[in-house]
Amino acid sequence: MASSTTKTTTKTTPKTVLITGANGYIGNAVARAFVRAGSDWLVYGLIRSASSRAISALAAEEITPIIGAIDDRSAHEAIIAQLPPRGVDVVISTTESWPDYEGHYHNVVALLRLIAESKPSSLTSLTTGGGGTDGSRIQVGGGNTKTKTKTKTKTKTGKPLLIFTSGCKDYGADPTHLLSSSSSSGIILHPHPHPHPHPHPHTEETPLSSLSILRPRTQLSSQIFDRLGDLYATVLVRPINLYGRSGSFFREWFDVFSAAAAAAATEGRQVLVVPSRSGEGREICQGLHVDDCAEAYVALATEHFVRDDKREREQEEEVEEGEGDVAGEAFNISSQGREETVDGIVRALCEEYGVGYERVRYVKPEDLKDGENPWPSQLVVDWPQLVGDGKLRRVTGWRDRRPLFKEAIGVYRRAYEAAKEEGGKGWENAKKAEETVKALGDR
Ligand SMILES: NC(=O)c1ccc[n+]([C@@H]2O[C@H](COP(=O)([O-])OP(=O)(O)OC[C@H]3O[C@@H](n4cnc5c(N)ncnc54)[C@H](OP(=O)(O)O)[C@@H]3O)[C@@H](O)[C@H]2O)c1
């Protein structure tokens, strides 16, 4: 399979892509990735802030700003009015709002319906058989994928593409996902003997089972095919925890180690408590660089249009809708085969911050005393999870390229500190998210 970055769609006019939440952590990275992908794409970014700083931050990256509040339905027409006259070919949805995920979700769906309905050439051509044009052949029962049927496709679907963002936490953490950190030659699985003797990575077929605080996202995101499949070729993506740039939840690593280093300097030799179900930090702490994640969105969109172009060129009478179609499918975006462990990261951070490794004390979560846990969200350090992304790699040729978190920890630390210093959107959103998770509390 050719690398996704080498694929291009048939050269006509550039396609238009609208990214919602274009000043957010993922949204901004995705918007910049589409700009980098070159002349195939004209990139529009929806933000709710009309501040000149927010607008010029997008403009500087060659992203055309579209201003409007998704949660204000009376503003939706004004958003449509700012879109290019020929409408958008791709919408990437990356916003989420806490604590009212559901209220915001319904507003997102309403806006996305209006965007598709306003597209001049929308739904001009037909998909026949296997349930018709209304997306009804898509099943979300297992939560994840459409039924594999043979569908006669006369020509392009004519629908715009929607890539909707959820996250791998939809599958839940799995304490059986432990790794040995003692092997320098590679990662060795050390399954916890109980209750699952053989840990398997979560795939798109894994039943969904998330934390109570994330349940609205888990449930509603998997319904996106039903909600919008009639108007969009719809894709659901689930990224793993991300790192790089302003850091998102991985910033916790830097905050906790920076506090530990400062405490050591002023108060002597403090112990740094790290929750660990293995008691040794052998848990997987899977992460992916945000820019690699963003490239996956581009790869999926490119794959969709490459197939669409091929259909049109060859006037295929019959197309097998098996693996290879991105529409109607869910895709994990992770770092399969390059997983890190808590202890591997801890050791790299000890070196980076000059904190003696002997000061680290791994404590089983059930043994943590009140006020002893310095980790704000419990969604990174104490989140053992192994997520497979083989489907994304097979279908699009995408692969992750950035150094692992522990491999370039100084680079990522400096990027985070620069974002913090600048106090930009990425930093503010990460802080807000962390506070929200803390306030919502229960697991
Ligand atoms: N970060 C990760 O590691 C990660 C991993 C997997 C999945 N995810 C998922 O990816 C999605 C995006 O996450 P993120 O990390 O990019 O979050 P983020 O940095 O907080 O960005 C969220 C975006 O949503 C916008 N937004 C929030 N509430 C809104 C509202 N009521 N109306 C309109 N816009 C609103 C924000 O705009 P303002 O700037 O105006 O607030 C921001 O642009 C979320 O669904 C998240 O669960 C994230």
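At what angle do the axes of helix α9 and α11 cross, and within what distance do they come? Keep that in mind for the third view; everything here comes from a predicted model.

**View 1. The open sheet and its strand order.**
Seven strands make up this open sheet, and they pair in parallel. Reading across, the order goes β3-β2-β1-β4-β7-β10-β15. The edges belong to β3 (64-67) and β15 (329-333), each of which has a pairing partner on one side only. On average, neighbouring strands here are turned by 20° against each other, ignoring direction.

**View 2. Zooming in on β7 and β10.**
Here we pick out one pair from the sheet: β7, covering residues 161-165, and β10, covering residues 233-239. The two strands run in the parallel sense and share five bridges. For a handy spot to centre on, try I163, which sits opposite V235 in β10.

**View 3. Helix α9 against helix α11.**
Back to the opening question: the axes of α9 (residues 342-353) and α11 come within 10 Å and cross at roughly 65°. An angle of 65 to 115 degrees counts as roughly perpendicular, so that is the label for α9 relative to α11. As for handedness, this crossing is right-handed.

**View 4. Helix α7 against helix α9.**
Now α9 turns up with another partner, α7 (residues 251-267). The pair packs at an angle of about 45°, and the axes are 10 Å apart. That angle makes α7 oblique to α9. The crossing of α7 and α9 is right-handed.

**View 5. The two sides of helix α11.**
Helix α11 takes in residues 409-422, 14 residues in total. From first C-alpha to last it reaches 20 Å, close to the 20 Å expected at 1.5 Å a residue. Which residues of α11 are buried? They are I409, Y412, Y416 and A419. Looking down the axis of α11, the buried residues fall within an arc of 95°, so they line one face of the helix. The spacing fits a simple rule: an α-helix has 3.6 residues a turn, so residues three or four places apart point the same way. Over on the other side of α11, the exposed residues include G410, V411 and R414, along with E421 and E422.

**View 6. Just past the end of α11.**
After α11 comes G423. The phi of G423 is positive, near 65°.

Methods: Residues are numbered from 1 along each chain as its sequence is written. This is a predicted model: local features need pLDDT of at least 70, side-chain atom pairs count only at pLDDT 80 or more; totals for chains, interfaces and linings use all residues. Two strands pair if DSSP finds at least two bridges between them. Helices (H or I, at least four residues) and strands (E, at least two) are DSSP runs, numbered from the N terminus. Axes are lines fitted to C-alpha atoms, for helices over the stretch in contact, and angles run from 0 to 180 degrees between N-to-C directions. The expected span of a helix is 1.5 Å times one less than its number of residues. A residue is buried if 20 or more other C-beta atoms lie within 10 Å of its own, exposed if 12 or fewer, and partly exposed in between; C-beta atoms are placed from the backbone. The arc is that of the directions from the helix axis to the C-beta atoms. Angles under 35 degrees count as roughly parallel, over 145 as roughly antiparallel, 65 to 115 as roughly perpendicular and the rest as oblique. A crossing is left-handed if the near helix is turned anticlockwise from the far one by less than a right angle, and right-handed if clockwise.
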